[in-house]
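Here are a few exercises to work through with the structure open beside you. Try each task before you read its solution.

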Amino acid sequence: IDPNNYPLKRYQFLAMVEILGKEQAIMDAIAALPATSAIIARKRYENTHTYIRSDELFAQLAPAVGLTDEQVDAAWMQAKDF
């Protein structure tokens, strides 16, 4: 089963982030990006209605918040059923 086949709704994604306890870590990782990139990343994080697992932002932020691709995939597959 491929998480790329399961876009998450905003509530599913945000619930996943909260369950993982990564809300502040994500905001800190975004704030650490160069200025323009940080603004764009923060707006995407805060305003996206459908989250796609293959989004390059996840690849960029996951290691910064202490998550492996496997951990993100597992959490994603759990969140799709919320």
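**Exercise 1: A pair across two helices**

The side chains of Arg-44 and Glu-56 form a salt bridge, with 3.7 Å from N to O. Keep in mind that this is a predicted model.

Task: Find out which helices hold Arg-44 and Glu-56, and how far apart in sequence the two parts are.

Solution:
- Step 1. Arg-44 is found in helix 3, while Glu-56 belongs to helix 4, so the pair ties together parts that are twelve residues apart in sequence.
- Step 2. Now look at the surface: Glu-56 has a relative accessible area of 56%. The cut-off for exposed is over 50%, so Glu-56 counts as exposed.
- Step 3. Arg-44 has 28% relative accessibility and therefore counts as partly exposed.

**Exercise 2: From a pair to a network**

Task: Which residues are linked with Arg-44 in a network of salt bridges?

Solution:
- Step 1. Arg-44 also meets the side chain of Asp-55 in a salt bridge of 2.3 Å, N to O.
- Step 2. This pair links distant parts of the chain, eleven residues apart: Arg-44 sits in helix 3 (residues 35–47), and Asp-55 in the loop between strand 2 (50–51) and helix 4 (56–61).
- Step 3. Asp-55 is partly exposed, at 22% relative accessibility.
- Step 4. Put the pairs together: Arg-44, Asp-55 and Glu-56 make up a network of salt bridges.

**Exercise 3: Buried or exposed?**

Arg-53 and Asp-73 join their side chains in a salt bridge (2.8 Å, N to O).

Task: Why does the pair of Arg-53 and Asp-73 tie together separate parts of the sequence? Is Arg-53 buried or exposed?

Solution:
- Step 1. Arg-53 lies in the loop between strand 2 and helix 4, and Asp-73 in helix 5 (residues 69–79), so the parts they tie together are 20 residues apart in sequence.
- Step 2. Buried means under 20% relative accessible area. Arg-53 has 9%, so Arg-53 is buried.
- Step 3. Its partner Asp-73, at 26% relative accessibility, counts as partly exposed.
- Step 4. To finish the topic, note that the structure holds five salt bridges.

**Exercise 4: A nonpolar patch**

Task: Which residues form a nonpolar patch on the surface?

Solution:
- Step 1. The patch consists of Tyr-11, Ile-19 and Phe-82, which together have about 320 Å² of accessible area.
- Step 2. Locate one of them: Tyr-11 is in helix 1 (residues 10–20).
- Step 3. With a relative accessible area of 47%, Tyr-11 is partly exposed.

Methods. Residues are numbered from 1 along each chain as its sequence is written. This is a predicted model: local features need pLDDT of at least 70, side-chain atom pairs count only at pLDDT 80 or more; totals for chains, interfaces and linings use all residues. Side-chain values use heavy atoms; hydrogens and water are left out. Patches are made of residues with over 30% relative accessible area and no salt bridge: like charges are joined within 9 Å, nonpolar side chains (Val, Leu, Ile, Met, Phe, Trp, Tyr) within 5 Å. Accessible areas come from the Shrake-Rupley method with a 1.4 Å probe; for residues, only the protein chains shown count as cover. A salt bridge is a side-chain nitrogen of Lys or Arg within 4 Å of a carboxyl oxygen of Asp or Glu. Helices (H or I, at least four residues) and strands (E, at least two) are DSSP runs, numbered from the N terminus. Buried means under 20% relative accessible area, exposed over 50%, partly exposed in between (1.4 Å probe, protein chains only).
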